[in-house]
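User: I should like to learn how to read packing and charge pairing in a structural model. Could you take me through one example?

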Amino acid sequence: MMTVKEISELTGISARTLHYYDEIGLFTPTEKSEAGYRLYDDKALETLQQILFFREFDIPLKEIKAIMENPALDKNQILQMQKKMLVAKKERMERLIASIDDILKGENKMDFTIFSKTEIEEMFQAMLEHMPEDMKDLAVKEFGSAEQWKQHYMEVVSSEKMQKNYAKVVEWYGGKDNYLSAIKNPVSKEVAESYNKRLEAILEKLIGKHDCPVDSFEVKEIVGEYGFAMKQFSQTKNEQEMMLAIARSYRDGVWKSKIEARYGEGAAEFFARAIEAFYGQ
């Protein structure tokens with residue numbers, strides 16, 4: 001058994017902090033001596049170590065306590081969670097160190113990295129888990145194997161161009177954590193199909209107003225409905241930038257062809273101008 005003083009000397013955590021952790025029920029002693037001194041065994045030390053891992057990320061004590069007390073999480077699951085967080089932090093630190101080295105060498109290169117290698121792997125895994133089996137089979141067939149497909153995904157998403165694009169997408173979601181959460185918890189297939197039907201119906205209404213000025217009330221009312229539906233479907237915090245990006249995509253060769261094949265010649269440009277008029281561009 002170790003005393004508070006011994007724990008403090010071993011970990012660098014002050015006795016006052018250890019007392020506070022006990023008061024809030026985050027880190028309680030194994031037992032108390034007859035004189036009332038707090039005593040801790042090796043298991044308690046492991047618990048304190050896990051708490052200190054979480055504190056590395058400035059996670060509030062209240063949240064750490066909730067994680068530690070969650071009956072659905074065992075010790076190994078908590079450690080795996082902490083390992084992923086630490087690996088991601090390590091990768092960020094390595095990028096920052098590399099940037100400083102470049103500056104010291106006179107090579108002041110901008111680092112546009114948004115997602116670490118660990119986070120990109122998690123994004124791929126989430127995509128894999130929620131993708132329909134037929135689409136998954138086609139992708140594996142195209143790349144030769146699931147591993148080659150993953151490698152291609154990692155290279156594409158890690159590229160500077162894609163990272164710059166993701167910087168804007170992350171803004172739509174109000175932060176990287178919100179975006180990753182949306183990726184890992186997508187809407188169900190049934191909900192997605194329902195939204196697609198709703199969005200198609202909205203565009204049908206919008207093309208019906210193609211003779212109206214794009215800044216007219218009739219057109220703006222429909223575009224507003226379109227933006228609201230897209231915000232709900234994509235789980236974004238602010239749909240303005242996303243909708244303006246959609247407007248730009250309607251002028252792209254591939255999307256323009258698809259839109260006009262379905263809604264008629266000139267539809268893509270009309271949709272783009274209507275969205276830009278509503279969202280102020």
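Analyst: The discussion below goes from the nonpolar core to one helix, then to charged side chains; the model is predicted.

User: Which residues have the most contacts inside the largest nonpolar core?

Analyst: A core is read from its best-connected members outwards. Here the largest nonpolar core has 28 residues, and those with the most contacts inside it are Leu206, Tyr226, Met243, Ile246, Tyr250, Phe271 and Ile275. Five helices each supply at least two residues of this core: H11 (189-207), H12 (217-234), H13 (240-249), H14 (253-263) and H15 (267-278). The greatest contribution comes from H15, with seven residues.

User: Which residues does Leu206 touch, leaving aside those up to four places away in sequence?

Analyst: With such sequence neighbours set aside, Leu206 touches Val219, Ile222, Val223, Phe270 and Phe271.

User: How is the length of a helix such as H6 checked, and what is the distance between its end C-alpha atoms?

Analyst: The expected span follows from the rise for each residue, 1.5 Å, times one less than the number of residues. Helix H6 covers residues 117-130, and its 14 residues should therefore span 20 Å; the end C-alpha atoms are 20 Å apart, in agreement with that expectation.

User: Which residues of H6 are buried?

Analyst: The buried residues of H6 are Thr118, Glu119, Ile120, Glu122, Met123, Phe124, Ala126 and Leu128. The list thus includes the charged residues Glu119 and Glu122.

User: How many salt bridges does the whole structure hold, and which parts of the chain does the pair Arg38 and Asp22 link?

Analyst: A search of the whole structure finds seven salt bridges. In one of them, the side chains of Arg38 and Asp22 meet at 2.7 Å, N to O. Arg38 belongs to strand S3 (residues 38-40) and Asp22 to helix H2 (residues 15-23), so that the pair links distant parts of the chain, 16 residues apart. Asp22 is buried because its relative accessible area is 15%, below the 20% cut-off.

User: Where do Glu200 and Arg262 lie, and are they buried or partly exposed?

Analyst: The side chains of Glu200 and Arg262 form a salt bridge of 3.4 Å, N to O. Glu200 lies in helix H11 and Arg262 in helix H14, so the pair ties together parts that are 62 residues apart in sequence. Glu200 is partly exposed at a relative accessible area of 35%, and Arg262 is partly exposed at 48%.

User: How should one read a salt bridge within a helix, such as that of Arg273 and Glu269?

Analyst: An α-helix has 3.6 residues a turn, so residues three or four places apart point the same way. Arg273 and Glu269 both lie in helix H15, four residues apart, about one turn of the helix. Their side chains meet at 3.9 Å, N to O. Arg273 is partly exposed, with a relative accessible area of 38%, and Glu269 is partly exposed at 33%. Salt bridges with shared partners join Arg251, Glu269, Arg273 and Glu276 into one network.

User: Which side chain of opposite charge is nearest to Glu239?

Analyst: For a charged residue without a salt bridge, one asks where the nearest opposite charge lies. Glu239, in the loop between H12 and H13, is buried yet has no salt bridge. The nearest side chain of opposite charge is Lys231, 4.2 Å away, whereas a salt bridge requires a distance within 4 Å. Apart from residues up to four places away in sequence, Glu239 touches Gly227, Lys231 and Tyr279.

Key:
Residues numbered from 1 in each chain as written. Predicted model: local features only at pLDDT ≥ 70, side-chain atom pairs only at ≥ 80, totals over all residues. Heavy atoms only, no water. Core = buried A, V, L, I, M, F, W, Y, C linked by side-chain atoms within 4.5 Å. Buried < 20%, exposed > 50% of the residue type's maximum accessible area, 1.4 Å probe, protein only. Contact = heavy atoms within 4.5 Å. Lys, Arg positive; Asp, Glu negative; His and termini not counted.
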